[in-house]
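Q: Could you take a close look at one part of this structure for me? I'd like to see how a single helix sits among the chains, and then what goes on around it.

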Amino acid sequence: MSTPVNSTNAPSESDEALPGAADNGPSGVSPEAAYLLGLADDAMVCAQRLSEWMTNAPQIEEDMALGNIALDLLGQARALYPYIGSIDGTGRGEDDYAMLRDERDWRNVHLVEQERGDFADEMARLLWFSAYQVELQTALSGSSDDVVAGVAGKALKEVRYHLDHASLWVVRLGDGTEESHRRMQAALQRVLPYLAELFDDDEASVTAAGLGVGVLPSSLHDAVVARVRRVADEASLVLPDNSPWRSRGGRAGIHSRPMGYLLAEMQHIARSHPGATW
Amino acid sequence: MSGVPTPPAEKVADRPAEKSWPLWEVFVRGKRGLSHVHAGSLHAPDAAFALRNARDVYTRRQEGVSIWVVLADDITASSPDEKDSFFDPAADKIYRHPTFYDVPDDVEYL
Amino acid sequence: MYGNDVIDPNEPLNAAETAAYDEAAAHVERRAVGEAAGDGFDALIAADQRIEPRDAMPEKYRETLIRQIAQHAHSEIIGMQPEGNWITRAPSLRRKAILIAKVQDEAGHGLYLYSAAETLGIDRAELLDRLHDGKQKYSSIFNYPTLTWADNGAIGWLVDGAAIMNQVPLCRCSYGPYARAMIRVCKEESFHQRQGFEILWTLMRGTEAQRAMAQDAANRWWWPALAMFGPPDTGEAAKGGGHTEQSMAWGIKRFANDDLRQKFVDMMVPQADKLGIVLPDPELRWNADRGHYDFGEIDWDEFWRVLRGDGACNAERIEHRRRAHDEGAWVREAATAYAAKQAAKRQESAA
């Protein structure tokens with residue numbers, strides 16, 4: 001007689017990790033691959049959200065600027081995905097990762113998957129994410145993995161520009177009109193619950209950092225906050241620090257409500273034509 | 001962010017008439033160029049944005065290219081074709097140089 | 001030499017890749033090299049030389065150009081929407097990147113063209129107001145919907161192809177800034193036209209469903225693309241015209257609508273053959289006597305209906321544009337307010 005699965009509430013004796021429990025997720029056994037997938041997915045999903053601003057930006061010049069930032073981030077994802085495929089044993093290509101993975105296999109943080117709000121919301125997201133990226137890519141430029149270091153070196157130039165762009169806007173919105181100040185302050189409050197996750201030391205990051213390949217997320221925290229605080233001060237904005245809740249689970253494939261819709265939109269055409277070339 | 005409604009934008013009709021961003025002229029020197037050449041114009045609220053927009057629009061962010069932006073109002077020019085009237089008091093009128101869109105050959109697009 | 005399996009990189013796919021473009025680009029510089037034609041607008045026009053922003057010009061010439069350049073700019077901006085609609089859904093990352101870059105290019109073209117219009121003494125904000133109020137128009141081709149991924153291919157191949165065919169002659173427009181803007185725009189758009197062709201090429205060599213998608217898109221975009229050249233300049237179908245003669249005399253318009261349309265058809269039909277796409281015109285056939293392709297009648301009633309507002313997307317395109325503009329007002333104002341504060345601070349510290 002086969003063992004009933006739920007006959008007791010004792011933990012499963014199986015060697016298989018329960019869904020969501022393993023920080024590596026179903027992407028494979030390599031912690032380095034899992035770690036890099038988090039970085040690639042952050043860039044990919046952020047690029048997807050930014051690209052939604054094209055034809056919707058406050059000024060035509062901003063359609064161009066946000067398009068440029070989206071292209072940079074998309075480029076970072078495209079540089080990482082094939083490399084990940086070569087080390088996670090699957091040999092997958094960029095479109096396999098982008099178009100064929102289900103939600104539970106994505107390792108981005110919740111910050112980048114949130115739906116577009118107003119322009120202040122986008123600048124709040126970009127300010128925090130690019131400040132984080134500047135510190136991250138600076139550290140990764142010294143990675144023991146040459147490919148990672150190379151990608152980071154190129155990305156660093158780009159994300160400095162992204163941080164500059166976000167900073168210029170946050171300062172102007174914070175120190176512009178009464179309405180823009182109010183909106184920018186509110187945006188900083190709304191983005192707050194999504195920040196802690198950037199600095200969580202998940203298992204894959206810990207392993208990757210130990211190998212010299214990656215960087216411990218928590219080690220980036222102070223420098224990132226310092227950068228954002230400088231901008232907030234110049235913008236006469238207050239950096240909120242008190243939130244009743246915080247997002248978690250992205251690195252383990254546990255996402256928030258918008259992620260499923262984002263993937264449905266992004267993947268639908270590709271998935272409707274299995275095996276097709278475009 | 002997700003789940004929080006964004007306050008609706010005030011209707012444009014209720015706002016005071018919007019003041020246009022000032023006009024800037026853009027001058028670009030290519031990587032191997034010797035001087036800046038007038039590339040065109042753009043609108044921006046201030047110098048920092050004028051530079052960034054110029055970089056995005058006129059050089060597609062190519063590196064090694066030097067950009068100058070000048071408020072159109074700050075440019076005083078003589079007309080290259082008016083040989084006799086160079087000392088004419090009308091010399092303080094703002095002209096657009098005929099080399100409006102000549103960009104150095106070594107500034108590539110995309 | 002290159003059979004039907006390969007796109008020959010040396011064969012011109014659009015008018016910007018032909019000798020006509022090179023000649024036009026060379027033409028622009030003539031005045032700059034010092035061939036002075038003497039004074040006056042008429043003398044310059046007669047000598048086929050450029051009018052520059054500083055030159056005296058008839059008020060009607062200025063108005064005509066402002067309108068034409070502005071509507072061209074509006075077309076670029078509105079033209080971002082049909083393809084912009086597919087950025088989040090592009091079926092591969094490479095296509096997504098190319099599409100983002102293309103839509104950005106269109107924004108950039110809009111900006112160059114607004115700048116060119118501004119040299120004639122009008123503010124971009126005012127031009128945008130006219131677009132939003134419906135007082136100035138944009139190319140009616142963008143009132144059609146992009147229903148499938150293949151539509152992005154059809155737009156690149158046919159719509160950009162037709163636009164380039166219209167624009168190459170404008171590289172020799174009498175007004176300098178507009179002519180020079182056209183040189184740049186044409187060059188960039190020729191990449192877009194190639195990319196559109198490449199999208200369809202890939203689809204036609206793909207699955208049954210992809211081939212059907214490509215054929216369906218061509219079926220829907222072919223006739224509207226032909227109509228982009230405008231109604232015939234003479235004859236019954238010519239309505240509300242009268243601008244043609246004056247525009248030709250002033251060096252703003254160089255060729256008749258029908259001539260450009262014929263050139264376009266002659267260029268596209270062999271490309272359709274190469275793609276394996278059947279163009280939706282049973283009357284299309286090579287006429288050896290004329291040395292051109294004969295083609296069927298365009299439905300001008302449909303053209304006017306769409307142009308006058310009753311197309312699938314007219315309301316949506318303008319509403320989308322207005323909404324982006326209105327929702328961004330507080331952002332633009334903030335930037336202006338900040339700049340004013342900074343200027344005040346500088347003055348204070350200088351005092």
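What follows is a walk from one helix of chain C out to the chain contact and a few residues further in.

A: Keep in mind that this is a predicted model. Let's start with helix 6 of chain C, which spans residues 124-133. Its buried residues are C:R124, C:L127, C:L128, C:L131 and C:H132. They sit on the same side of helix 6 of chain C, because they cover an arc of only 140 degrees around the axis. As background, an α-helix has 3.6 residues a turn, so residues three or four places apart point the same way.

What covers that buried side? From other chains, the cover includes helix 2 (60-87) of chain A and strand 2 (37-43) of chain B. Chain C itself adds helix 3 (59-78), helix 5 (93-118) and helix 13 (314-327). After helix 6 of chain C comes C:G134, with a positive phi near 80 degrees.

Now zoom in on C:R124. Its side chain meets that of A:E61 in a salt bridge, 2.9 Å from N to O. This pair crosses between chains, going from helix 6 of chain C to helix 2 of chain A. Both C:R124 and A:E61 are buried.

That brings us to the contact between chain C and chain A. Chain C puts in 46 residues and chain A 47. About 4,000 Å² is buried between the two, and carbon and sulfur atoms give 68% of that area. On the chain C side, C:L93, C:W330 and C:Y338 lose the most area to chain A, together 21% of what that side buries. The rule finds two salt bridges across this interface. You've already met C:R124 with A:E61; A:D175 and C:K341 also pair across the chains, at 2.9 Å from N to O. There are 14 residue pairs in polar contact between chain C and chain A, counting pairs with both residues at pLDDT 80 or more. Among the chain C elements that give two or more residues to this side are helix 8 (176-204), helix 9 (208-227) and helix 14 (329-350). The largest share, 13 residues, comes from helix 5 of chain C. By class, the chain C side has 25 nonpolar, eleven polar and ten charged residues.

Helix 5 of chain C also helps cover helix 6, and C:H109 lies in it. C:H109 counts as buried because its relative accessible area is 0%, under the 20% cut-off. Its side chain makes a polar contact of 3.4 Å with that of C:E189. Leaving aside neighbours within four places in sequence, C:H109 touches C:E76, C:V185, C:E188, C:E189 and C:H192.

Over in helix 9 of chain C you'll find C:A225, buried at 0% relative accessibility. Not counting residues up to four places away, C:A225 touches C:I141, C:L158, C:A162 and C:F264. C:A225 and C:R261 are 36 residues apart in sequence, with their C-alpha atoms 9.3 Å apart.

C:R261 has a salt bridge of its own, with C:D258, where the closest N and O atoms are 2.8 Å apart. Both lie in helix 11 (residues 257-275) of chain C, three residues apart, about one turn of the helix. C:R261 is buried at 2% relative accessibility, while C:D258 is partly exposed at 35%.

Elsewhere in chain C, salt bridges link C:E83, C:K102, C:E106 and C:D160 in a network. Over all chains, the search finds 42 salt bridges.

Note on methods. Residues are numbered from 1 along each chain as its sequence is written. Chains are lettered from A and ligands numbered from 1 in the order in which they are written. This is a predicted model: local features need pLDDT of at least 70, side-chain atom pairs count only at pLDDT 80 or more; totals for chains, interfaces and linings use all residues. Side-chain values use heavy atoms; hydrogens and water are left out. Buried means under 20% relative accessible area, exposed over 50%, partly exposed in between (1.4 Å probe, protein chains only). Helices (H or I, at least four residues) and strands (E, at least two) are DSSP runs, numbered from the N terminus. The arc is that of the directions from the helix axis to the C-beta atoms. Contact means heavy atoms within 4.5 Å. Buried area is the accessible area (1.4 Å probe) that two parts lose on being put together, summed over both. A salt bridge is a side-chain nitrogen of Lys or Arg within 4 Å of a carboxyl oxygen of Asp or Glu. A polar contact is a pair of N or O atoms within 3.5 Å; within protein, one must be able to donate a hydrogen and the other to accept it, and residues adjacent in sequence count only if both atoms are side-chain atoms. Ala, Val, Leu, Ile, Met, Phe, Trp, Tyr, Cys and Pro count as nonpolar, Asp, Glu, Lys and Arg as charged, and the others, Gly among them, as polar.
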